[in-house]
Amino acid sequence: MPEKTTTVPSVLVEPKPFCTMALHATQNPTSVVHGVLMGSFEPEGVAVTKAVPICHEVPTKPLVENALALVTSVAAEEVVGWYTVPERFEETKPSPAALRIVANLAVGSKSEPILIVLNNVGLTSLLAGKEPADDETLLQAFGKDFGQQWMDPIPKILMDNKAKGAAKQAFEQKVAVTDFVDHLEADASSSWLENAALDKLVVQ
């Protein structure tokens, strides 16, 4: 078993980024999805305050680089990691593409980024009204392991109590999430960096 080397003790996920990740997954049920996590690095762990959807396909390097350049040019938050939702329903491990991306995010960073993988099974249960027993059933956060891969589970995941209910409500109200690829291919006028409808729902 790899030696534990991650320096991240815990991950706090606020309601809006959790809703964004969940909606991104449900709107692309037959595809892998990817996005960037924004927030801050705190002494007690990583705080995720925003998730920006990037694509619903295997991401290319130019796509990721262009998306990150746009995100970081306007965001007040730091890039704290990457998220993905596997294409296969019962898959719970990050893909090679996700591992490569988060490793690249770490280059030149003073803090260790995280990788979040949403669990399709847990998410489906939540949206069907069967709330999972714990947050780890919905998502898993990974830090860097001894082999320099982001495969070391971060044991403590915290989510605001409002996050699960907000995600279910957003799903029922069919709140749309636009990723960077949608923006490029379908509607260049659409806002993929912000989501006013989701903002309104989360603050209710």
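Two strands are taken to pair if DSSP finds at least two bridges between them. Strands β2 and β4 meet that cut-off, since seven bridges join them, and the two run antiparallel. One of these bridges sets G39 opposite its partner E78 in β4. Please note that the model before you is predicted.

I shall stay with β2 for a moment. On its other pairing, with β3, there are nine bridges, again in an antiparallel arrangement. Here S40 has A47 of β3 as its bridge partner. The two strands form a hairpin, with two residues between them. Eight of the 10 residues of β2 are buried, so this strand is largely enclosed by the rest of the structure.

Let us turn to the whole sheet. It is open and holds eight strands, in the order β7-β6-β5-β4-β2-β3-β1-β8, with mixed pairing. Which strands stand at the edges? They are β7, residues 152-153, and β8, residues 156-159; each has a single partner strand, so one side of each is left without a neighbour in the sheet. For β7, two bridges connect it to β6, residues 139-143, and these strands run antiparallel. The bridge partner of G143 is D152, in β7.

Finally, the helices. Helix α1, residues 15-26, packs on the sheet and touches β1, β2, β3, β4, β5, β6 and β8. The direction of α1 makes about 30 degrees with that of β3. Helix α3, residues 96-106, also packs on the sheet, where it touches β2, β4 and β5. Its direction makes about 175 degrees with that of β4.

Methods
Residues are numbered from 1 along each chain as its sequence is written. This is a predicted model: local features need pLDDT of at least 70, side-chain atom pairs count only at pLDDT 80 or more; totals for chains, interfaces and linings use all residues. Side-chain values use heavy atoms; hydrogens and water are left out. Helices (H or I, at least four residues) and strands (E, at least two) are DSSP runs, numbered from the N terminus. Contact means heavy atoms within 4.5 Å. Axes are lines fitted to C-alpha atoms, for helices over the stretch in contact, and angles run from 0 to 180 degrees between N-to-C directions. Buried means under 20% relative accessible area, exposed over 50%, partly exposed in between (1.4 Å probe, protein chains only).
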